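Reader: I have a model open and would like to go through the labels attached to it. Could you walk me through the reasoning behind them?

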Amino acid sequence: MTRTGKAARSRLAERLAERGLRLRHMAVLAALADFGPHVQRELATRLAIDRSDIVKIIDELGAAGLADRARDVTDRRRVTVTLSAEGRALLDRLQADATAVQDDVLAPLNARERARLTALLTRVHRHLQNDDGAQRPSR
């Protein structure tokens, strides 16, 4: 599993590099799309990215016009980050790249096998996300 995940990440990272991006850029764009505007500090926590690193990532996204940053009017220490229209459009293309990589990695599997793999990995993921570590019943 480790080798497969590493190979898939590497393939996606190569596609992102062609656009001058890294996986962490895509992660920030996706989080902003999924969860809406975020206070910079909370975004770092949500994505488990060091606060100093999130500043650099957002600086890079801002310089490219992919994200907007604004100080909170009630608390000047808080910085809110928002996905720009350009960032949303790019994220759509990046997600298409990710789907292409996934299709390439899973090419040896037929549709039924892919569905089964997805179900099994989803079950494992739910188990790992469960706070008390108890396995949930399978469906």
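Author: Gladly, and let us begin at a surface spot: Leu-121 is found in helix 6, which spans residues 111–129. Please keep in mind that this is a predicted model.

Reader: Why does Leu-121 count as partly exposed?

Author: Its relative accessibility is 43%. Partly exposed covers what lies between the buried limit of 20% and the exposed limit of 50%, so Leu-121 at 43% falls into that class.

Reader: And which residues make a nonpolar surface patch with Leu-121?

Author: Met-1 and Leu-117 join Leu-121 there, and the patch comes to about 330 Å². A patch residue needs over 30% relative accessible area, and Leu-121 has 43%.

Reader: Let me step back to the whole chain. What is its secondary structure?

Author: The protein chain has 6 helices and 3 strands. Read from the N terminus, the order is α-α-β-α-α-β-β-α-α. The C-alpha atoms fill a box of roughly 50 × 40 × 25 Å along the principal axes. About 9700 Å² of the protein chain is exposed, with carbon and sulfur atoms supplying 50% of that area.

Reader: How many of the residues count as buried?

Author: Of the 139 residues, 27% do. His-25, in helix 2 (residues 23–35), is a good case to look at.

Reader: What makes His-25 buried?

Author: Buried means under 20% relative accessible area. His-25 has 5%, so the label applies. Beyond four places in sequence, His-25 touches Ile-57, Glu-60 and Leu-61.

Reader: Which residues touch the most other members of the largest nonpolar core?

Author: That core has 24 residues, and those touching the most other members are Val-28, Leu-29, Leu-32, Leu-43, Ile-54, Leu-61 and Leu-94. Two or more core residues come from each of helix 1 (2–18), helix 2, helix 3 (40–47), helix 4 (51–63), strand 3 (79–83) and helix 5 (85–105). Helix 2 gives the largest share, 6 residues. As for Val-28, its contacts outside the four-place neighbourhood are Leu-43, Leu-47, Ile-49, Ile-54, Ile-57 and Leu-61.

Reader: Gly-87 caught my eye in helix 5. Why is Gly-87 called buried?

Author: Its relative accessibility is 0%. With the cut-off for buried at under 20%, Gly-87 therefore qualifies. Leaving aside neighbours within four places, Gly-87 is in contact with Leu-29, Gly-65 and Leu-66. The C-alpha atoms of Gly-87 and Leu-61 are 8.2 Å apart, and these two residues are 26 apart along the chain.

Reader: On to the charged pairs. What makes Asp-104 and Arg-11 a salt bridge?

Author: The limit is 4 Å between a side-chain nitrogen of Lys or Arg and a carboxyl oxygen of Asp or Glu. The closest N and O atoms of this pair are 2.4 Å apart, so Asp-104 and Arg-11 form a salt bridge. This pair links distant parts of the chain, with Asp-104 in helix 5 and Arg-11 in helix 1, 93 residues apart. Both ends are partly exposed, Asp-104 at 45% relative accessibility and Arg-11 at 37%.

Reader: How do you know that Arg-69 and Asp-59 meet in a salt bridge?

Author: Their N to O distance is 2.2 Å, and the limit is 4 Å, so the pair counts. Arg-69 sits in strand 2 (residues 67–71) and Asp-59 in helix 4.

Reader: Is Asp-72, which meets Arg-78 in a salt bridge, buried or partly exposed?

Author: Asp-72 is buried: its relative accessible area is 17%, under the 20% cut-off. Arg-78 has 29%, so it is partly exposed. The N to O distance of this salt bridge is 3.5 Å. Elsewhere, salt bridges that share partners join Arg-15, Arg-19 and Asp-97 into one network. The whole structure has 8 salt bridges.

Reader: Last one: where does pLDDT stay under 50?

Author: Over residues 132–139, for which the model has 6 contacts beyond four places in sequence. Where pLDDT is low, predicted coordinates should not be read in detail. The chain averages a pLDDT of 91, and 94% of the residues score at least 70.

Definitions and conventions: Residues numbered from 1 in each chain as written. Predicted model: local features only at pLDDT ≥ 70, side-chain atom pairs only at ≥ 80, totals over all residues. Heavy atoms only, no water. Patch = residues over 30% accessible without salt bridge, like charges linked within 9 Å, V, L, I, M, F, W, Y side chains within 5 Å. Areas by Shrake-Rupley, 256 points an atom, 1.4 Å probe, with all protein chains shown as cover. Helix = DSSP H or I, 4+ residues; strand = E, 2+ residues; numbered from the N terminus. Buried < 20%, exposed > 50% of the residue type's maximum accessible area, 1.4 Å probe, protein only. Contact = heavy atoms within 4.5 Å. Core = buried A, V, L, I, M, F, W, Y, C linked by side-chain atoms within 4.5 Å. pLDDT = per-residue confidence, 0-100.
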